[in-house]
Amino acid sequence: MELSARTTIIMRSGVRGVIAAMAMSGLRQATTSLNLVQSSPPKSVMEKLVPGLLDRLPGDQHPAALAAAHWGYGLGAGLVFGALPKRLRHRIWVGPLYGMVLLLGFHATIAPALGIDRRLSDWHEQAALVADHLLYGIVVAGFPMPHRD
């Protein structure tokens, strides 16, 4: 069975979303190791959505569980990016903007809905989160080789 061109674009964007989330995870590892980010958004979300899950896992499995959850979110966000109209997906600025929209969406909707207190006044943490969401947007958009459809 042959997939439609639109379905193929959306699926490719989903894969790019996972790869982008992987890149973010690497950057996030650096920013948390440098104490720029105290608790990553994926950890905060997991602790609220599935209380005690991390406590039931051995400590050395926490990074893998958090990475898997984050990559799943990256997949979903990548699929949504792929569903954007072609005229948007092909603009060089849309990927980074998309990454910022995801970050702002977290601060405006997900964090308040789950009761997650984000330290918006900590400029080190916010700069780190901006950097990794810009990275997500750049990778999901395929910069410097954008989607071809």
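**How many salt bridges does the structure hold?**

Before we start: this is a predicted model, where local features need pLDDT of at least 70 and side-chain atom pairs count only at pLDDT 80 or more, while totals for chains, interfaces and linings use all residues. Residues are numbered from 1 along each chain as its sequence is written, and side-chain values use heavy atoms, with hydrogens and water left out.

**Exercise 1. Find the salt bridge and place its two partners in the chain.**

Step 1. Get the rule straight: a salt bridge is a side-chain nitrogen of Lys or Arg within 4 Å of a carboxyl oxygen of Asp or Glu. The general idea is that side chains of opposite charge can pair when their charged atoms come close.

Step 2. Count. The structure holds one salt bridge.

Step 3. Name the pair. The side chain of arginine 28 meets that of aspartate 132, at 2.6 Å from N to O. This pair links distant parts of the chain: arginine 28 sits in helix α1 (residues 5-33) and aspartate 132 in helix α7 (residues 123-140), 104 residues apart.

Step 4. Check the surroundings. Both arginine 28 and aspartate 132 are buried. Here buried means under 20% relative accessible area, exposed means over 50%, and partly exposed is in between (1.4 Å probe, protein chains only).

**Exercise 2. Describe the overall fold of the protein chain.**

Step 1. Count the elements. You'll find seven helices and zero strands. Helices (H or I, at least four residues) and strands (E, at least two) are DSSP runs, numbered from the N terminus.

Step 2. Judge the compactness. The radius of gyration is 16 Å, close to the 15 Å that the globule rule gives for 149 residues, so the protein chain is as compact as a globular protein of that length. The radius is taken over C-alpha atoms, and the rule is 2.2 Å times the number of residues to the power 0.38.

Step 3. Add the box. Along the principal axes, the C-alpha atoms fill roughly 45 × 35 × 30 Å.

Step 4. Look at burial and contacts. Of the 149 residues, 36% are buried. Contact means heavy atoms within 4.5 Å. Among contacts between residues at least 6 apart in sequence, 73% join residues at least 24 apart.

**Exercise 3. What do methionine 24 and glycine 17 touch?**

Step 1. Start with methionine 24, which lies in helix α1. Methionine 24 is buried, with a relative accessible area of 3%.

Step 2. Leave aside the neighbours within four places in sequence. Methionine 24 is then in contact with His70, Asp132, His133, Leu135 and Tyr136. Take the last of these: methionine 24 and tyrosine 136 are 112 residues apart in sequence and 6.3 Å apart in space, C-alpha to C-alpha.

Step 3. Now glycine 17, also found in helix α1. Glycine 17 counts as buried, at 0% relative accessibility. Not counting residues up to four places away in sequence, glycine 17 touches Gly74, Leu75, Gly78, Tyr136 and Val140.

Step 4. Try a pair with another outcome. Glycine 17 and valine 37 are 20 residues apart in sequence and 22 Å apart in space, C-alpha to C-alpha.

**Exercise 4. Is asparagine 35 buried or exposed?**

Step 1. Find the spot. Asparagine 35 lies in the loop between α1 and α2 (41-49).

Step 2. Read the accessibility. Asparagine 35 is exposed, with a relative accessible area of 55%.

Step 3. Check the backbone. Most residues other than glycine have a negative phi, and most peptide bonds are trans. Asparagine 35 has a positive phi of about 60° although it is not a glycine.

**Exercise 5. Which residues of α2 are buried?**

Step 1. List them: Pro41, Pro42, Ser44, Val45 and Met46 are buried in α2.

Step 2. See what they pack against. The buried residues of α2 pack against α1, α3 (53-56), α4 (62-83), α6 (94-114) and α7.

Step 3. Compare with a residue in helix α4, histidine 62. Histidine 62 counts as partly exposed, at 22% relative accessibility. Leaving aside its neighbours within four places in sequence, histidine 62 is in contact with Leu54 and Leu57.
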